[in-house]
Amino acid sequence: MLAAIVLLLFVLILLGMPIAVAMMGASIVAILALDIPMNVLAQRVSSGVESFPLLAIPLFMLAGGIMNKSGISERLFDFCRSLVGHLRGGLAHVNVLSSVLMAGISGSSLADCAATTRVMVPQMEKHGYDRGFSVALTTSSATLSPIIPPSILMVVYGWQANISIGDLFLAGILPGLLIAFCLTLLITLISIMKQYPKDELFNKLRLYSSAKTAAWALLMPVIIIVGFRLGVFTVTEVAAIAVAYSFVVGKYVYKSLGWRDMGELLVSTAREAASILIIIAASAPLAWSLSILQAPQEVVGWITGLTDNPWAVLLLLNVALLVIGMFMETIAVIIVLVPILIPLLNSLDINLVHFGIIMLFNLLIGQITPLLGVLMFVSCNIAKLGTLQFLRSSAPFFLTLLIALLLVTYVPWLSLALIR
């Protein structure tokens, strides 16, 4: 029965059904097969979204939307350009650094990828960079967004795993910086080989001016991290503070945000948040059905039958998550798999915070690869780049991200140092 339900779920997804519909269909079949009253389905759907921490999702999305609408992206790009533009391959370095800073504002890889592609790719092409290289770099650096806090995916994982979302936010800082460092090393080598240009000479006055302009934007992630580190805010409270802060900065400091803009942002945020919460609601009866069918026990038994070495198990899970991430939407994977994997992780004493970073990174790599590579499709569509050309250009970036993934997996200190 368990295998049939899982197979049905994947078949529905491969047939092109929306992920929420596919999960609901599999849930209905499971409930009917188990001879459980159908009113349980409605109860589980309702209870699936009755969680206070989930309020942080639309709030963080709204805060990111306000910051982007206020012209924060352009101010951050200017600051990054004045800081690292003088290096060989300057605009490529700006691309990575701006992704690091944008990650601390929006928490959405899709939003950051779209914004960075629109701004950076035309600029890089204009200065002699290959379009494939520019798009592949932009897409790869967008994976930083859900790793560096705040992160919508971390909110979902923390809620599912019943662990501190604040700890997850802190745990993502060093791995995020490591990923950025690995990408920087790669683009340095490529820039030297292809003789990509330096953007401009270093200018202290310009750096000071751009830093002063971007200071308000740079302060928001600091408020979030300090608030969590001191235990002052919960994740929902800090999300609400982020909305208030971004509104004040956009409306009264930068004076680039109008009331009409707020109306548009509220509508778009409601639409985007609803799509996420619908998936969460639809996954609740499926997760419950899988637990009734003893999926967690089956997974624990199957994997421990192969090996009980935690490091080998993490390698198996990395491979599985990379493959699954190519076919399924990220939030759906987290919601379905986390309850199943927790007994296995606990039996092997694998830290749930550490595994959370590993899982998110795996699934984000899946977003830049076929078949369901949403970041790949978004950036290629905006930059008018063919998928095959993207895949050829992204190969070195994919390998670099895999190396970073192995470091994050087998050096737990990177994830746990700031929360101990």
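**Entry 1: aromatic residues**

I began with the aromatic side chains and noted that Tyr 129, Phe 133, Tyr 196 and Phe 397 form one aromatic cluster. The model I am reading is a predicted one. I then looked up the aromatic pairs, of which the structure holds seven. In one of them, the ring centres of Phe 133 and Phe 397 lie 5.8 Å apart with the planes at 45°, so I entered the pair as tilted. I located Phe 133 in helix α8 (residues 131-141) and Phe 397 in helix α20 (residues 387-410), so this pair ties together parts that are 264 residues apart in sequence. I checked burial as well: both Phe 133 and Phe 397 are buried.

I turned next to Phe 247 and Tyr 252. Their ring centres are 6.1 Å apart and their planes stand at 85°; because an angle over 60 degrees counts as edge-to-face, I recorded this pair as edge-to-face. Phe 247 has a relative accessibility of 18%, so I counted Phe 247 as buried.

**Entry 2: nonpolar cores**

Which residues touch the most other members of the largest nonpolar core? I found Phe 60, Phe 133, Tyr 157 and Phe 355, in a core of 143 residues. Helix α17 (residues 330-347) gives the largest share of this core, with 13 residues. Apart from this core I noted another, of five residues, including Ile 31, Ile 36, Val 40 and Trp 288.

I followed Tyr 157 further. Setting aside neighbours within four places in sequence, I listed the contacts of Tyr 157 as Ile 163, Leu 168, Ile 334, Val 338, Leu 352, Phe 355, Gly 356 and Met 359.

**Entry 3: His 93**

Is His 93 buried or exposed? The relative accessible area of His 93 is 8%, and buried means under 20%, so I entered His 93 as buried. I placed His 93 in helix α6 (residues 90-106). Without the neighbours within four places in sequence, His 93 is in contact with Val 84, Leu 87, Arg 88, Thr 184, Ile 187 and Thr 188.

**Entry 4: the second largest pocket**

I looked up the space in the second largest pocket and found about 610 Å³. Its lining has 24 residues, and those closest to the centre are Val 6, Val 299, Ile 324, Leu 337 and Ile 340. By class, I recorded 23 nonpolar residues, no polar ones and one charged residue in this lining.

Which helix supplies the largest share of the lining? I found that α1 does, with six residues. I noted that α1 (2-14), α14 (259-292), α15 (295-306), α16 (310-325) and α17 each supply at least two lining residues.

Notes:
Residues numbered from 1 in each chain as written. Predicted model: local features only at pLDDT ≥ 70, side-chain atom pairs only at ≥ 80, totals over all residues. Heavy atoms only, no water. Core = buried A, V, L, I, M, F, W, Y, C linked by side-chain atoms within 4.5 Å. Buried < 20%, exposed > 50% of the residue type's maximum accessible area, 1.4 Å probe, protein only. Helix = DSSP H or I, 4+ residues; strand = E, 2+ residues; numbered from the N terminus. Contact = heavy atoms within 4.5 Å. 1 Å grid on protein atoms, 1.4 Å probe; cavity = no way out; pocket = protein on both sides within 12 Å on 5 of 7 lines; lining within 4 Å. Points joined across faces, edges and corners; volume = space filled by probe spheres on them. Nonpolar A, V, L, I, M, F, W, Y, C, P; charged D, E, K, R; others polar. Phe/Tyr/Trp six-rings, centres within 6.5 Å; stacked < 30°, edge-to-face > 60°.
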